[in-house]
Amino acid sequence: MASAMRTRTKDVSFSSSAEQLTGRIFLPAHENVGRHPAMVLVHGLGSGGNTMDQSARKLARHGIVAFRFDQRGHGPGTSVYDGDSSDDVLAAAALLKGERSVDADWVGVLGHSSGARAAIVACTKDTRLRSLGSTSTPS
């Protein structure tokens with residue numbers, strides 16, 4: 001088995017529906033080896049983007065760029081969560097597709113709890129998202 005790569009991070013902000021959101025991109029340590037597949041990670045309510053750091057780090061160690069962000073109503077922003085953050089997930093995916101280390105044709109979404117719901121809805125809105133993972137998905 002090949003040894004896992006180290007990672008590095010990059011803090012970013014992006015706009016979604018006139019709101020400013022923040023997050024962190026986790027990158028494989030050796031960015032110059034080409035473009036990588038990528039995943040947007042979406043946390044559940046009552047937590048924050050940092051709850052997805054461990055998963056993001058694991059993905060990046062194995063060559064997948066991971067981007068976790070703070071949903072509306074979480075993190076440093078003043079926005080209010082309105083029950084549907086799927087457009088924020090799409091804006092996060094668009095940001096990832098613009099990163100030079102990301103293969104824009106291979107971006108997926110992984111959500112947990114209410115973040116899983118947002119991930120599912122986002123994938124129904126944009127079928128170019130290549131993969132979907134969900135955990136503890138509410139009904």
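These legends accompany several close-up views of one predicted model. Local features are described where pLDDT is at least 70, side-chain atom pairs count only at pLDDT 80 or more, and totals for chains, interfaces and linings use all residues. Residues are numbered from 1 along each chain as its sequence is written, and side-chain values use heavy atoms, with hydrogens and water left out.

**View 1. R24 and D11 form a salt bridge between two strands.** A salt bridge here is a side-chain nitrogen of Lys or Arg within 4 Å of a carboxyl oxygen of Asp or Glu, and by this rule the count comes to five. For R24 and D11, the closest N and O atoms lie 2.6 Å apart. R24 belongs to strand β2 (residues 19-28) and D11 to strand β1 (residues 7-16), with the two positions 13 residues apart in numbering. Helices (H or I, at least four residues) and strands (E, at least two) are DSSP runs, numbered from the N terminus. R24 is partly exposed at 24% relative accessible area, while D11 is exposed at 55%. For these words, buried means under 20% relative accessible area, exposed over 50%, and partly exposed in between, using a 1.4 Å probe and protein chains only.

**View 2. D87 and K125 form a salt bridge between two helices.** Here the closest N and O atoms are 2.9 Å apart. The pair links distant parts of the chain, with D87 in helix α2 (residues 86-97) and K125 in helix α3 (residues 114-125), 38 residues apart. Both ends are partly exposed: D87 has a relative accessible area of 38%, and K125 has 44%.

**View 3. D126 and R128 form another of the salt bridges.** Their closest N and O atoms are 3.0 Å apart. Which partner is buried, and which is exposed? D126 is buried, at 13% relative accessibility, whereas R128 is exposed, at 60%.

**View 4. T135 reaches H112 through a side-chain polar contact.** The two side chains come to 2.8 Å. A polar contact is a pair of N or O atoms within 3.5 Å; within protein, one must be able to donate a hydrogen and the other to accept it, and residues adjacent in sequence count only if both atoms are side-chain atoms. T135 sits in strand β6 (residues 132-135) and is partly exposed, at 39%. Leaving aside neighbours within four places in sequence, T135 is in contact (heavy atoms within 4.5 Å) with G111, H112, S113 and A116. The C-alpha atoms of T135 and A116 are separated by 6.4 Å.

**View 5. V40 is among the residues that touch the most other members of the largest nonpolar core.** A nonpolar core is a set of buried Ala, Val, Leu, Ile, Met, Phe, Trp, Tyr and Cys residues joined through side-chain atoms within 4.5 Å. This one has 25 residues, and α2 gives the most, with six. Beyond four places in sequence, the residues touched by V40 include F67, F69, V89 and L96. A second, separate core of seven residues includes M39, L41, M52 and A56.

**View 6. Helix α3 packs its buried residues against β3, α2, β5 and β6.** Those buried residues are S114, G115, A116, A118, A119, A122 and C123. The twelve residues of α3 should span 16 Å at 1.5 Å a residue (1.5 Å times one less than the number of residues), and the end C-alpha atoms are 17 Å apart, which agrees.
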